[in-house]
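These are my notebook entries on one structure, written down in the order in which I looked things up. I begin with the overall fold and then go on to individual contacts.

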Amino acid sequence: MNNDPLNVMEATVLWESAMTMKFTINANKVMLNHAKDDDLQKYLSTKIQKVDTPILEQMEKMLEQEGISLENSFSSKPSIKSELPAGAFYEDIEIAQYLTGEIKGGLMGLSGAMASFVREDIAAEFAKFHSQCVDSGRKLLKLMKKKDWLIVPPKFKQ
């Protein structure tokens, strides 16, 4: 870690990014509770455990080193498997579409964050996060094609 303190914008972007990642993990846990497909459950579990949680932990570590707390944030959602009534759960294709939007938004947010950092060490960490999210998106696309969940827009010209 660099010894220079974060400027106010860097601190805000880092804090907001960590809060967003906490929300992302919670949302993915809810989606995991709804998912019926084994491959989608495996994808979500891997994303939560191997991508999102390590990124959050690294963000929290950076914040802690800067003396910034995530106190007063929301708590983690439990993983619960129970029967939900018809219409009260997301279908697998809806979960996959949600995840596509989440990944797109995350990549844009990480790109914007990287561009706003003056400290190169923090920008480099965000570049690693970006790369991990690109890889996760590639795996999701592959799964969506395999399961025929990919909804392709109509052709612009016939």
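Entry 1, the fold. I first counted the secondary-structure elements, and the protein chain has 4 helices and 0 strands, which run α-α-α-α from the N terminus on. I note at the outset that this is a predicted model, and I read everything below with that in mind. I then looked up the extent of the C-alpha trace, which spans about 50 × 45 × 20 Å along its principal axes.

Entry 2, surface and contacts of the whole chain. The accessible surface of the protein chain comes to about 9,800 Å², and carbon and sulfur atoms account for 57% of that area. Of the 158 residues in the protein chain, 37% are buried. I also checked how the contacts are spread along the sequence: among those between residues at least 6 apart, 81% join residues at least 24 apart.

Entry 3, salt bridges. How many salt bridges does the count come to? I find 10 salt bridges by the rule used here. As background I wrote down that side chains of opposite charge can pair when their charged atoms come close.

I looked at the pair of Lys147 and Asp39, whose closest N and O atoms are 2.9 Å apart. This salt bridge links distant parts of the chain, since Lys147 belongs to helix H4 and Asp39 to helix H2 (residues 38–65), with the two positions 108 residues apart. Lys147 counts as partly exposed because its relative accessibility is 25%, and Asp39 is likewise placed as partly exposed because its value is 28%. Following the charges outward from this pair, I noted a network of salt bridges that links Asp37, Asp39, Lys146 and Lys147.

Next I took Arg119 and Asp121, whose side chains meet in a salt bridge at 2.9 Å, N to O. Is Arg119 buried or exposed? Arg119 has a relative accessible area of 3%, so I entered it as buried, whereas Asp121, at 22%, is partly exposed.

The pair of Lys139 and Asp135 sits within one helix: the closest N and O atoms of this salt bridge are 3.2 Å apart. The two residues are 4 residues apart in helix H4, so about one helical turn separates them. Lys139 is partly exposed at 41% relative accessibility, and Asp135 is partly exposed at 30%.

Entry 4, aromatic rings. The structure holds 2 aromatic pairs, and ring pairs link Phe117, Phe126 and Phe129 into a cluster. For my own reference, a pair of aromatic rings is described by the distance of the centres and the angle of the planes. Separately, I looked at Phe89 and found that Lys36 lies over the face of its ring, at 4.3 Å from the ring centre.

Entry 5, the segment after helix H4. Helix H4 covers residues 120–147, and Val152 is found in the segment that comes after it. Why does Val152 count as exposed? The reason is its relative accessibility of 59%, which is above the cut-off of 50% for that class. Together with Leu141 and Leu150, Val152 forms a nonpolar patch on the surface, and the three residues have about 250 Å² of accessible area together.

Asp148 lies in the segment after H4 as well, and I checked its backbone: its phi is near 60°, a positive value in a residue other than glycine. Asp148 is exposed, with a relative accessible area of 66%.

Entry 6, the N-terminal residues and what they approach. Asn3 is found in the segment before helix H1 (8–34), and at 77% relative accessibility Asn3 counts as exposed. I looked up the separation of Asn3 and Gln65, which are 62 residues apart along the chain, and their C-alpha atoms are separated by 10.0 Å.

Gly67 lies in the loop between H2 and helix H3 (92–116), where it counts as exposed at 68% relative accessibility. What is the distance in space between Gly67 and Pro5? Their C-alpha atoms are 9.9 Å apart, while in sequence the two residues are 62 residues apart.

Methods: Residues are numbered from 1 along each chain as its sequence is written. This is a predicted model: local features need pLDDT of at least 70, side-chain atom pairs count only at pLDDT 80 or more; totals for chains, interfaces and linings use all residues. Side-chain values use heavy atoms; hydrogens and water are left out. Patches are made of residues with over 30% relative accessible area and no salt bridge: like charges are joined within 9 Å, nonpolar side chains (Val, Leu, Ile, Met, Phe, Trp, Tyr) within 5 Å. Accessible areas come from the Shrake-Rupley method with a 1.4 Å probe; for residues, only the protein chains shown count as cover. A salt bridge is a side-chain nitrogen of Lys or Arg within 4 Å of a carboxyl oxygen of Asp or Glu. Buried means under 20% relative accessible area, exposed over 50%, partly exposed in between (1.4 Å probe, protein chains only). Rings of Phe, Tyr and Trp (its six-membered ring) pair if their centres lie within 6.5 Å; planes under 30 degrees apart count as stacked, over 60 as edge-to-face and the rest as tilted. A charge sits over a ring if NZ of Lys or CZ of Arg is within 6 Å of the ring centre and within 35 degrees of the ring normal. Contact means heavy atoms within 4.5 Å.
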